[in-house]
Amino acid sequence: MELSWETYRIECTYPFGLSRGTADYYDILYVYFLGDGIIGRGEAAPSKRYDESTPQIVEVLENGIEIPSPDDILESWETGITAQAEGIKALESALSMAALDWWCQKDGISLHRYFHAEKENTPLTSFTVAIGEIDNIPQKIREAKPYSIIKVKLGTDEDKNIINAVRGCTDKPIRVDANEGWTLEQGIEMCQWLSERNVQFVEQPLPAEALDETSVLRDESPLPIFADENSLTSEDIPRIAYAFDGINIKLMKCGSLFEAKRMIDFAREHDLKIMLGCMVESSIGVTAAAHLSPLVDFADLDGNLLISNDPYNGVGVENGKLILPDGNGLGVSLKGKIEGLK
Ligand SMILES: [Mg+2]
């Protein structure tokens, strides 16, 4: 089996604003496992929040990764491939997608079947309205028409104005993500206020370091509180369970599809609700996560819907529900010829 890779710049349809800053594009990287006429595909969408970047990944790949034989690759995942990724979770994750895509195609099964997930049990996905011009909100809500849940990014000085603007356009349920942008006092006040506005839950209201304060907020808040920046891998779950009602699992944070499945199992043991999320990424990464989505409670898998130049076909959305592609492995395909992409 051979490994190749290619970098690619995904362009945001709208500038993507979070409490931390705004981006017009993201540089991602595709990895490919090639062998026996099969292409296994994976995507790394590294996040600055976790000090990861595409140039770092290129450096690791240029130094060379030793690929175990296809028969051993999944068995010895943690000691074989993961150990060579120098702790870069986005790279580990991309390699796990590519290996599983290859292996499942070889074996003639879909990725969701590998994880014992039922295709028809995919959840609804939310669609994100990122921080940006309040005047653009009506247009963004019109574009969100196919989705039945709106995710709104907060953690600004304009939070109530943003929610009022959304509520001026739609009465669909809202999920709020403050991306660590509030203090405890703001969190208590905002959760009260939001609970009267058809909001389902609030994601990562306080900074990840403020775990004890988050547990106070959880006691005071009428709305469930979900961890994102606090729930990176399965190791975090026992430590943070007292402060949250649910967790957001992302492949780019946890490092592999195997680890994401472990997080699902750990979260169930700790009575936590589970959401599957993503970064702004293209259809390879989002489709990989979508194959696990029948196993969770909520999906926020819209990264591929927020970009204007997705090179791949993969998971779809019908009436807000995720529709897994047919085919073995990930079931993704290149939309049209693009130099370097497979
Ligand atoms: Mg989040």
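How far apart are the end C-alpha atoms of helix α4 (residues 89-107), and what should its 19 residues span? I put this to the model, which is a predicted one, before looking at anything else.

**Entry on α4.** At 1.5 Å a residue I expected 27 Å for the 19 residues of α4, and I found its end C-alpha atoms 26 Å apart, which agrees. I then looked up burial and noted that 14 of the 19 residues of α4 are buried, so this helix is largely enclosed by the rest of the structure. Just after α4, I found Gly108 with a positive phi of about 75°.

**Entry on α8.** I repeated the check on helix α8 (residues 184-195), whose 12 residues should span 16 Å at 1.5 Å a residue, and the end C-alpha atoms are indeed 16 Å apart. I listed the buried residues of α8 as Leu184, Gly187, Met190, Cys191, Trp193 and Leu194. Following their contacts, I found that these buried residues pack against the helices α7 (159-167) and α9 (211-220), and against the strands β6 (174-177), β7 (199-203) and β8 (225-227).

**Entry on β10.** I turned to strand β10 (residues 273-277), which is mostly covered, with 4 of its 5 residues buried. On one pairing I counted 5 bridges in the parallel sense to strand β9 (residues 246-250), where Ile247 stands opposite Ile274 of β10. A further pairing, also parallel, joins β10 to strand β11 (residues 298-300) through 3 bridges, and there Met275 stands opposite Phe298 of β11. Tracing the chain between these two strands, I noted that β10, helix α13 (residues 283-290) and β11 make a right-handed β-α-β unit.

Notes: Residues are numbered from 1 along each chain as its sequence is written. This is a predicted model: local features need pLDDT of at least 70, side-chain atom pairs count only at pLDDT 80 or more; totals for chains, interfaces and linings use all residues. Side-chain values use heavy atoms; hydrogens and water are left out. Buried means under 20% relative accessible area, exposed over 50%, partly exposed in between (1.4 Å probe, protein chains only). Two strands pair if DSSP finds at least two bridges between them. A crossover is right-handed if, with the strands pointing away from the viewer, the path from the first strand over the helix to the second runs clockwise. The expected span of a helix is 1.5 Å times one less than its number of residues. Contact means heavy atoms within 4.5 Å.
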